[in-house]
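Reader: Hello! I'm new to reading protein structures, and I'd love a close look at one single part. Could you walk me through the beginning of the chain and what surrounds it?

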Amino acid sequence: MRYKVTFVVGLALGYVLGTRAGRERYEKLKKSAREIAQNPAVRNAAESAGQTGREYAGKAFAAVGHKVGDAVPSSLAGRVRGLRDRAGGGAEDEWGTSNT
């Protein structure tokens, strides 16, 4: 699925950058993309994928942290903790989805 999405995004980007249709066609594509992004089903799917990704990242962090233990330099451990604390606020992000 990831490869299909990457292909479609690349295809769209190539079309936008390579087309000679002009500004009107670009604005039409931009409007269509915005409408798709505002679709509640798409937003729910994106939020669900983000939540799943955050869960897996947390599990991976815990597993690696458990195996590595004190071998991680304290400067790196502080950065990772800071990123985790900053992301775990539960407020809405720039896409209007919650980080819960």
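Author: Happy to! Let's begin with the whole chain: of its 100 residues, buried ones make up 2%. Please keep in mind that this is a predicted model. The protein chain has an accessible surface of about 8,600 Å², and carbon and sulfur atoms account for 61% of that surface. Its secondary structure comes to four helices and zero strands, so reading from the N terminus on, you meet the elements in the order α-α-α-α.

Now to the part you asked about. Met 1 sits in the segment before helix H1, which covers residues 2–18. Met 1 counts as exposed because its relative accessibility is 75%, and the cut-off for exposed is over 50%.

Follow the chain onward and you enter H1 itself, a helix of 17 residues. From its first C-alpha to its last, H1 reaches 24 Å, close to the 24 Å expected at 1.5 Å a residue. H1 is also hardly covered: among its 17 residues, the count of buried ones is zero.

What does the surface look like here? Met 1 joins Val 5 and Val 9 in making a nonpolar surface patch of about 330 Å².

Val 9 turns up again in the largest pocket, where Val 8, Val 9, Ala 12, Leu 29 and Ala 33 are the lining residues nearest the centre. In total, 15 residues line this pocket, and its volume is about 560 Å³. The elements that give two or more residues to the lining are H1 and helix H2, which spans 23–38.

Conventions: Residues numbered from 1 in each chain as written. Predicted model: local features only at pLDDT ≥ 70, side-chain atom pairs only at ≥ 80, totals over all residues. Heavy atoms only, no water. Patch = residues over 30% accessible without salt bridge, like charges linked within 9 Å, V, L, I, M, F, W, Y side chains within 5 Å. Areas by Shrake-Rupley, 256 points an atom, 1.4 Å probe, with all protein chains shown as cover. Salt bridge = Lys/Arg side-chain N within 4 Å of Asp/Glu carboxyl O. Buried < 20%, exposed > 50% of the residue type's maximum accessible area, 1.4 Å probe, protein only. Expected span 1.5 Å × (residues − 1). 1 Å grid on protein atoms, 1.4 Å probe; cavity = no way out; pocket = protein on both sides within 12 Å on 5 of 7 lines; lining within 4 Å. Points joined across faces, edges and corners; volume = space filled by probe spheres on them.
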